[in-house]
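Colleague: Before we discuss this model, could you put the sequence and the structure in front of us?

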Amino acid sequence: MTRTVYVNGQYLPEDQAKVSIFDRGFLFADGVYEVTSVLDGKLIDFAGHAKRLQRSLDELQMANPVTEEELLEIHRELVRANGIEEGLIYLQITRGAADRDFAYPAAGTQPTIVLFTQAKPGLADAPAAKTGIKVISIEDQRWGRRDIKTVQLLYPSMGKMMAKAAGADDAWMVEDGHVTEGTSNNAYIVKGNTIVTRHLGTEILHGITRAAVLRFAREAQMTVEERPFTVEEAKAADEAFITSASSFVMPVVEMDGAPIGTGTPGHVTARLREIYLDEMRKAAV
Ligand code: PDD
């Protein structure tokens, strides 16, 4: 079955969807994106992603070509057209096509909007959730506005390749000795009943999964500390995990070749994953 994608108001077979070579997303990474997961054919935390999208656009003074209702309808139509039961929906909005110039083009330039689905059968039952993943620590060499979800993802891609070369699954990025986040996820450690994750700021992406998981953790009477933590603290932690729209809550069992805690997924992580999936399935649209 050919995948149906959405581009600038049209649903098209993927090989017929086109954007201009002058698109500023292509030339300047002048674009923002969101990734929303689909479980049971429904969208997980759509409202959270729509809100963060608007914030990213506002921070870059970029126009939004669709209303939230239209965006929801496009997401649902793509899920329907592609028969997605479990998977991801990728959304990207760029400042549009204009003659190459560093300055933003004149107001009124039509933004480019593209959405496509990725079928991921078994997403919620990923084997890695039972075994855990391995991370390495690398220097965080990204730009300073990581709170804006832009498509300039080259350093995170390099980080993933560094992890692969080291026989690991992902990299945790480190700035001034403190972990910022994973290449495409937020990072957490657990000590006793306390969950530690970096506080919100311009240094990390404000994860939509993060917000929900911290809310559920507090509701379950766990202690949450939002503060920077060091690589040494991570290596001495009882448990560690990551969160994102594509991994939900995923245990981390090794860092830089050394086991974290027992070197197996911990019970706090497992409980949070279970609560997150249960609650979010119930609230899915
Ligand atoms: N990545 N931090 C970074 C740098 C990310 O790229 C992501 C998401 C997150 C987690 O955010 P959320 O919980 O809202 O997914 C944190 C997406 C999944 C991606 O790029 O594929």
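Colleague: Which side chain has an N or O atom 2.7 Å from an oxygen atom of the ligand?

Modeller: This is a predicted model, in which local features need pLDDT of at least 70, side-chain atom pairs count only at pLDDT 80 or more, and totals for chains, interfaces and linings use all residues. Residues are numbered from 1 along each chain as its sequence is written, and side-chain values use heavy atoms, with hydrogens and water left out. A polar side-chain atom of Arg52 lies 2.8 Å from a ligand oxygen atom, while the 2.7 Å distance belongs to the side chain of Tyr33.

Colleague: How much of the accessible area that the ligand has on its own does the protein cover?

Modeller: A backbone N or O atom of Ala245 also lies 2.8 Å from an oxygen atom of the ligand. Of the 480 Å² that the ligand has on its own (Shrake-Rupley method, 1.4 Å probe), the protein covers 90%.

Colleague: Why do the buried residues of α5 line one face of the helix?

Modeller: In helix α5, residues 154-165 (a DSSP run of H or I, at least four residues), the buried residues are Tyr155, Pro156, Gly159 and Ala163 (under 20% relative accessible area, 1.4 Å probe, protein chains only). On the other side, Leu154, Met161, Lys164 and Ala165 are exposed (over 50%). Seen down the axis of α5, the buried residues line one face because their directions, taken from the helix axis to the C-beta atoms, fall within an arc of 100°.

Methods: Helix = DSSP H or I, 4+ residues; strand = E, 2+ residues; numbered from the N terminus. Expected span 1.5 Å × (residues − 1). Polar contact = N/O pair within 3.5 Å; in protein donor to acceptor, adjacent residues only side chain to side chain.
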